[in-house]
Each structure stands twice: as C-alpha cells, then as structure tokens.
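This briefing is for a reader meeting the structure for the first time. Please look over the sequence and the model below before reading the points that follow.

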Amino acid sequence: MTTKSSVLGYPRIGANREWKKALEEFWSGKLEEGTFESRLRELRLQHLRKQQAKGIDIIPVNDFSYYDQVLDTATMFGLVPKRFAYDGGPVSLPLYYGIARGTKEATASEMTKWFNTNYHYIVPELDGGEPALTENKPLQAYREAKEALGIEGRPVLIGPLTFVKLSKGYKADEAGAWLDRLLPLYVQILVELEAEGVKWVQIDEPILVNGLSADELGRLHAVYEKLVAAAPSLNILLQTYFESAEHYGELVKLPVQGIGLDFVHGLEGSMKALREHGFPQDKVLGAGVIDGRGIWKASLRERLTLLNELQTYVSADRLIIQSSCSLLHVPVTASVEDRLLPELRDALAFADEKLDELVLLAKAVNEGEAAVKEQLDQAEQALQALGQSRDRNRGDVQKAVAAILAQEPARQQPFAKRYEAQQEKWRLPLLPTTTIGSFPQSAEVRKARQLWRKGEWSEEQYASFIREQIDTWVGLQEDIGIDVLVHGEFERTDMVEFFGEKLEGFAFTSFGWVQSYGSRCVKPPIIYGDVAFDQPMTTVETAYAQSKTNRPVKGMLTGPVTIMNWSFVRDDIPREQIAYQLAYALRQEVEALEKAGIGLIQVDEPAVREGLPLKKEDQAAYLDWAVKAFRLTTCTVQDTTQIHTHMCYCEFHDMIDSIEAMDADVISIETSRSHGELIHSFEENTYRLGIGLGVYDIHSPRVPQVEEMTAMIDRALRVLDPKLFWINPDCGLKTRGTEETVAALRNMVEATKLARSKH
Ligand code: GLN
Ligand code: ZN
C-alpha cells in the first residue's frame, strides 16, 4: 500500500468556458435539452479523463454541476421553494434553472458567498414539503465514470450539517428536526453506493471550520454514527476545508474512516491539533497540502517537509495527498498563458498544474525525493526567479510604504470640524442627493469600447465618445436636480480591472476564468509584483465632467481592500502589505484628483466584508489593517475635501465600529436587500458620520414610486440625524436601462423634496 493522490473537485467551466457557453445557449433556446445534456456529459468525461491521464489516484465524481452543487443537493432531496409549482419526482431542468434564475411566476432563490470565496451558491429554502430522494446523483456520477472510463471514482456530497446550516426558511430550533428528516435520505444514498461496490465517499462539511454549538456537536456525532452504521463497508472521508477544523478532538472520535484537513489555509491550526491530539491509527488522513484557491506553484520541497512531519502521525499507506479544497476556485490551465512575463507564467499553477504537483508529491513520498529531483528543482527555480524579479523588488515602493506607515494615518481634523468646513465650502442642501458612480452601460457604450480595444477606433475617437456620454449625463443629472454629480464611469468595464490595468504590479491572464455564480465567470487580475502608481487614472474624465457644471462632481475610485479581495494575490508577502501598497498608490490618485479641482472623492470598498477571515479570532486584526489601508488612501486631503465611501449590502451590525473608524465623511450602503435589518442596527448603535442608506434597489428594472422611497427615508430619519443623511440609490446603475434610471432618479429627487419640507 502506498500514499495516494487526490483532488476534492475539478473546475467545471472548461478551458474555454465551454460550460458557460452551453448553459447560455440552452437558456436562450438555441440548444435542445438532449444536445445540451450530451455536451455537458462530454465535458464532464473530458475532465475525468484529464485527471486519469495525469495519474491522480482518487478522482472525485459528482463534483460537476449544471449550475451549483448546493442547488444540486437541494433538488436531489426534492427541496424546491413553495412558490414554484412542484409536486415531487426528479426536478426538471427548467425547474432547476427556474430556482436559480427566476421564472415569470416566481423569483429566484437568493444566492450568497460560499464561505470566504468568490463562489456564490443558491441558498436552499426549507419551506416546501417533506424532502424525498428524487435521484441518487452521486451514484449516477460514479456509474458514469466507471462505465465510460473505468474510473473507480470517489463520489462527493455536501454533508448534512453543512447543508442544513447553509439553508434558510426554518427557525433556529428546527435545525435538529431538519437533520432528522434528511438523515434517512443520506442513509439511502450511502446504502445504494455501498451496494454498488463504491469504496470511498467524500462528505464535505466545511461548516466544521466555523465551530459548532454544543447541540450541533451532539448532532454531528449522532449523524455520523448513523451514517457509518448504515453502510459499514463504505468508507467515509469527512472533509473540511478553507481553514483548520474546530473541535478536532471530537472529530477524531467519530467512527468515520477518514478525515480531510486543510494544511494550507489552516496550516497552523491543523498542525496544532495534530500535535495535541495525534491522529487515530484506524483512520485515513486526507492531507490538503496543495492550495486549491491560490494560483501559485507550491514549493514542493517545503510541502514534502510537511508531509514528512505528517508521517509521524499517520503511516504513508493511510495518507492521501490532496488539494486543500475543490479546484473550482482556480482557472483551468496556466499552460496557455503565453502572453504573460515568462517568470510570472512559470510560477503559476492552475488546476491542471496542481494535478501534476499532487502526483509528484505522492511519487516523492512513495519512491523518495530522488525520483523527482529534477521537478522539485524546477519548481524551486521558478519560484526563485519570480521572487528575484525586478517587479517584486521595488525598493522605491517598499521604502515609500514603510515611510507612510511610520505614522498613524489620520485626517488633519476630526469629523465634526471637517463637517463644518465642508458645509461652509459646499453649501449643500439638507438631505443632499447623489448616485453611487456608474450610469447605464448601454449597448452603444459597450460597442464603442470594443471598437477601441480592437484598434478600429483611435484613442481620440474613443475619448470623444466618452466625453459625449459625460455631457449627456451631466445634463441629465442637472435636469433631474441631483446635488452631487458623477461622471458616470463610462470608460470602465470593471471597477477592479480598470485600476489594475493602469497600476504597476498587476498582470492579466488571457483565459484565467473562474466561476463566480451560475454561468457567470470572472477573470481576476493577478497582483504579482509590488504595486505602484504610474500616472493619474481618473482625472481627465472627472475634471471634464466638472468643467461642464457648476454643481460639484464627485470623483470615483475603487479602494485598496476591494481591489485586493477581487484579485489573485502574491503569497510571498502578507495581504496586509499588499493592501498598504495599493493604498499608497491610490492615495496618489486621490491627491491628483484634489489637485485637479475635485473636492469630493468616493473610494468604494464593497468587498471589505468579503475578506473577513472565517475564524473569529482573526477578524479583528483583518479589520484593523483594512481600516488602516482605507485611511492611508484618504487621509492626506484638505479638511474641505469630502471623502465618500460605498459598500454594497453588508452585515453592518458586527462591523459598525470598523466602518466608523474608516472615518469617511460620507458612506453610502445598500439597504433594500436587508429589509430594514440595517436600519435596525442603527437603533442599537450610533453612527456619527455622514450616511446615505440606499433608498431603492437597483437590481430590478422596476421604477420605484415616490411613496416607497418616502417611507424608506422617514424610517431612516427616525434613527439617523437628518443633518448627516444623504439620499442615493443602493448601488451603481451600470446594469440598468437609461429610461428607467432617469425615471427612478426623478422620483428619488421628488421624495427628497418631500422629506426636506418635513425636516
Ligand atoms: N462606483 C461603483 C459603481 O457605481 C460601485 C460599484 C459597487 O459597489 N460594486 O458602479
Ligand atoms: Zn454597491
């Protein structure tokens, strides 16, 4: 018996986003269901074949999905929200996509972030009838891989505790009852797998990294005792990821045959647990030693040292070398990225390269390091070359960042003083109106950008087109009667990419897509070097807009933490340092805007909350440096310069102090999705700076009525000071149509006038 290699899941989108294309063609009616199914099957088999050819010993099955693995689990159990007409049996594809995307009759289910990744899952709603097993998906996937390719796959399923915890639509004290309802269905799945001769099943319980209550812990024991007893000859690998597992001492007491731990993101915690409790002699350890979320090659020698240490707790034949989580979170292959700097490309490992790393590590453990010496050397050399590259060793940047960090970043005056100075200078009316930044990116805008990118339009042609858009929208905003204008962000596709392309230290892949939600894929920039400001990025358009109006125009930047959280970042320096480098670069942009005569500057930070570590004990430190990065970006301006920030919906209550500590003169936040919860948090906490709670939801094309916004404003002003209150939509308007946007903003100004007359 030897050490084996395995992965926890493989990307489903395909090297050329074949998956996305198939889904979208099917949705638009261009693909028949049968053709669609066979295209997806082909892709699924291709992914299995690739893992087989690379030599992965234990290949996951049922990691593929037609949309999302959590939705798959819900529909497999017949858990369809009540508002969809469903009366049992296998869930049809139209219904499946209806739940995910909405139908004419029923709104889509909510989606939310999968732990601290940028993947979004569909939140199951446990409000319908009794669950029932509509099909055994893991079994089907197992059979398919075996029949088509002779692969003895390891079916993956989301564990019952995680599934119930991530679902909604039930009261807190009903969780146990839901587990009881689902347990027989899990049992049935496992019994059928066992009967089929399946040897191992991977049950994902990432919820274990968050920590369980005493009740939940009790249920964990009960559930896994039942599952193991029901299918005694089937081996269960209880898999955790994204951090070290809590309650390790309890986990190892479970009767499961294997436990999977994350030795990348939870390295310290996982090692500490092993050192304290050891590892049971009768279990298999799934050791997640290759980063399933990062894009860099691993230092294989360092990983081997770790694997050697692990072998003091578990013998080689009970060790499986795995990715730390599913490879869903990284692009498919770096081998096609020939437009990148060689030293960067050679240091990348996307999903396929990670398969090679896993196979290599297993070989090294089984046959000794000498057997793979050449490959180990190559990996070290590649990492070293990037480490020594000029872009990673910018003395100028490092010195400047160290210098600005020598002092606690703070504005010259406290908010109260700045407020007075700004009132004096800007003379804005009570309850000033503004928008969040972007205006509709019409087909015309997208077309123009394409023509320019392809070189069919000259720089000047494109610039003059952008100026025309600005003209139109400055005119519209004045006509509607908005107090603080914006230029509209017509020159930007994406709020991170736009800045990444203009700053130094960033690279952009050609095919580095990852699934974000449904068929939507994103191609995050790579922050591979020291970040540096080159030249002003936003002053031309902003100053142009300002030249067209007497009202103040607000400049628009993306903040350091958001840029970082929406990029792949280097892992040779702490994230904190990357945030500070970004802050220093963006500070120079803030200063350039101020110099260009722009006196209100918004630094968007919608992704601060997303970066919050999973472990409670790590959260305060993160918030500290995230706040510091924002302050570094904004602290050098004059008292009269008004700093705004914007956050999309965020669970404000547990972060209110940090948000206040950012010390932005005005914050705008998305409110409508929280259904009043947000306002509620102000009843308990005070917030003493300027604030605009979005008065209407921009996610829908529906034009909100004046009365609705009035109700929202009145409600907010019961708890917030009118002198500090701003009126704005929930978020940027770039996905909306022009007509509906103008109509909605007119109603918003109308509602503001009514509110002013009352306060
Ligand atoms: N300024 C950006 C916009 O209006 C903000 C987008 C966001 O919050 N995600 O588009
Ligand atoms: Zn937003």
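Setting aside residues within four places in sequence, L361 is in contact with V289, L300, R303, L304, L307 and I321. L361 also belongs to the largest nonpolar core, where it is among the three residues that touch the most other members. The model is a predicted one. The points below go from this core to the strands, then to the annotated residues, the ligand and one loop residue.

**Nonpolar core**

- The largest nonpolar core holds 216 residues, and A287, L361 and L582 touch the most other members.
- Helix α22, residues 575-595, gives the most to this core, with ten residues.
- In soluble globular proteins, nonpolar side chains tend to be buried together.

**Strands β2, β5, β6 and β7**

- Strand β5 covers residues 154-158, and five of its five residues are buried.
- R154, V156 and I158 point one way from β5, while P155 and L157 point the other way.
- In a regular strand the side chains alternate between the two faces of the sheet.
- Strand β2, residues 60-61, pairs with β5 in the parallel sense over two bridges, and P60 stands opposite R154 there.
- β5 is also joined to β6 by three bridges, and these two strands run parallel.
- In that pairing, L157 of β5 stands opposite I203 in β6.
- Strand β6, residues 200-204, is joined in turn to β7 by five bridges, again in a parallel run.
- W200 has N235 in β7 as its bridge partner.
- Strand β7 spans residues 235-239 and is mostly covered, with four of its five residues buried.

**The open sheet of β11, β14 and β16**

- Three strands form an open sheet in the order β11-β14-β16, and the pairing is mixed.
- The edge strands, β11 (504-507) and β16 (568-569), each pair on one side only.
- Strands of a sheet pair through backbone hydrogen bonds, either parallel or antiparallel.
- Strand β14, residues 526-532, pairs with β16 in the parallel sense over two bridges.
- I526 stands opposite F568 in β16.

**Residues annotated as binding site**

- An unreviewed UniProt entry places the feature "binding site" at H646, C648, E670 and C731.
- These four residues gather at one spot, because no two of their C-alpha atoms are more than 8.5 Å apart although they span 86 residues in sequence.
- H646 is in strand β18, residues 642-647.
- H646 counts as buried because it has 27 C-beta neighbours inside 10 Å, the cut-off for a buried residue being 20 or more.
- Not counting its neighbours within four places in sequence, H646 is in contact with I436, Q602, D604, P606 and S668.
- C731 lies in the loop between α26 and α27 (738-758).
- C731 has 26 C-beta neighbours inside 10 Å and so counts as buried too.
- Beyond residues up to four places away in sequence, C731 touches I436, C648, E670, G694 and I698. Two of these, C648 and E670, carry the "binding site" annotation as well.
- I436 thus appears in the contacts of H646 and in those of C731.

**Residue annotated as active site**

- The UniProt annotation "active site", from an unreviewed entry, covers H699.
- H699 is placed in the loop between β20 (690-693) and α26 (706-719).
- H699 is partly exposed, because 13 other C-beta atoms lie within 10 Å, and a residue counts as exposed with 12 or fewer.

**Ligand 1**

- There are 13 residues around ligand 1, and I436, G437, S438, P606 and G732 come nearest.
- This shell divides into six nonpolar, four polar and three charged residues.
- I436 and P606 are also among the contacts of H646.

**Loop residue P131**

- P131 lies in the loop between β4 (120-122) and α5 (137-149).
- With 17 C-beta neighbours inside 10 Å, P131 counts as partly exposed.
- P131 and A74 are 57 residues apart in sequence, and their C-alpha atoms are 8.9 Å apart in space.
- Apart from its neighbours within four places in sequence, P131 is in contact with F77, G78, L79, R181, L182 and L185.

Notes
Residues numbered from 1 in each chain as written. Chains lettered and ligands numbered in written order. Predicted model: local features only at pLDDT ≥ 70, side-chain atom pairs only at ≥ 80, totals over all residues. Near = placed C-beta within 6 Å. Nonpolar A, V, L, I, M, F, W, Y, C, P; charged D, E, K, R; others polar. Contact = placed C-beta atoms within 7 Å. UniProt positions renumbered as here; feature names shortened; annotations may be inferred. Core = buried A, V, L, I, M, F, W, Y, C linked by C-beta atoms within 7 Å. Pairing = 2+ DSSP bridges.
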